[in-house]
Amino acid sequence: CTPAKIGHGGALMALAESVGSSLSFLNIDTEKQDVRGLEIKGNHLKAATGIITARATLLHKGRTTHVCEIKIRNQNGDLVNVSQMTNIIIDKH
């Protein structure tokens, strides 16, 4: 939290990246593939206070890239951040 007792924007983006990466990880063959983040962008829409939740949705699931949308909401269900993340899917060596 910031000194004003609201969620720090950087922490919200770290949460969005964690959730987006996890979604991609759940959609690959983990024995043969791995996930790396290419890009993340986000908009802070409202002060994040109280308990927050994040949910990611795949917008694109390709062979080599995934595009995820991540929505972070407060305990009242208000949207406080919406982010979009692009992940690359790489082969393990």
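Buried residues, those under 20% relative accessible area with a 1.4 Å probe and protein chains only (over 50% is exposed, in between is partly exposed), make up 27% of the 93 residues in the protein chain. The model is predicted: local features need pLDDT of at least 70, side-chain atom pairs count only at pLDDT 80 or more, and totals for chains, interfaces and linings use all residues. Residues are numbered from 1 along each chain as its sequence is written, and side-chain values use heavy atoms, with hydrogens and water left out.

**The whole chain.** Display the protein chain as a cartoon. One helix and four strands appear, in the sequence pattern α-β-β-β-β; these elements are DSSP runs numbered from the N terminus, helices being H or I of at least four residues and strands E of at least two. The C-alpha atoms fill a box of roughly 45 × 20 × 20 Å along the principal axes.

**The sheet.** Select the four strands next. They form an open sheet in the order 1-4-3-2 with antiparallel pairing, where pairing requires that DSSP finds at least two bridges between two strands. Strand 1 (33-44) and strand 2 (53-61) stand at the edges with a single partner strand each, so one side of each is left without a neighbour in the sheet. Neighbouring strands are turned by 25° against each other on average, direction ignored; the axes are lines fitted to C-alpha atoms.

**Strands 3 and 4.** Select residues 65-73 and 79-91. These two strands pair in the antiparallel sense over nine bridges. Lys-71 has Val-82 in strand 4 as its bridge partner.

**The core.** Now show the side chains of Leu-12, Ala-16, Val-19, Leu-23, Ala-48, Ala-56, Cys-68, Ile-70, Ile-72, Val-80 and Met-85, the 11 residues of the largest nonpolar core. Such a core is a set of buried Ala, Val, Leu, Ile, Met, Phe, Trp, Tyr and Cys residues joined through side-chain atoms within 4.5 Å. Helix 1 (9-26), strand 3 and strand 4 each supply at least two of its residues, and helix 1 gives the most, with four.

**Met-85.** Centre on Met-85 and look for contacts (heavy atoms within 4.5 Å). Leaving aside residues up to four places away in sequence, its partners include Ala-16, Gly-20, Ile-40, Cys-68 and Ile-70.

**Ala-56.** Finish at Ala-56 in strand 2. Ala-56 counts as buried because its relative accessibility is 19%. Beyond residues up to four places away in sequence, Ala-56 touches Val-19, Gly-20, Leu-23, Glu-69 and Ile-70. A distance label from its C-alpha atom to that of Lys-71, 15 residues apart along the chain, should read 6.5 Å.

Key
Axes are lines fitted to C-alpha atoms, for helices over the stretch in contact, and angles run from 0 to 180 degrees between N-to-C directions.
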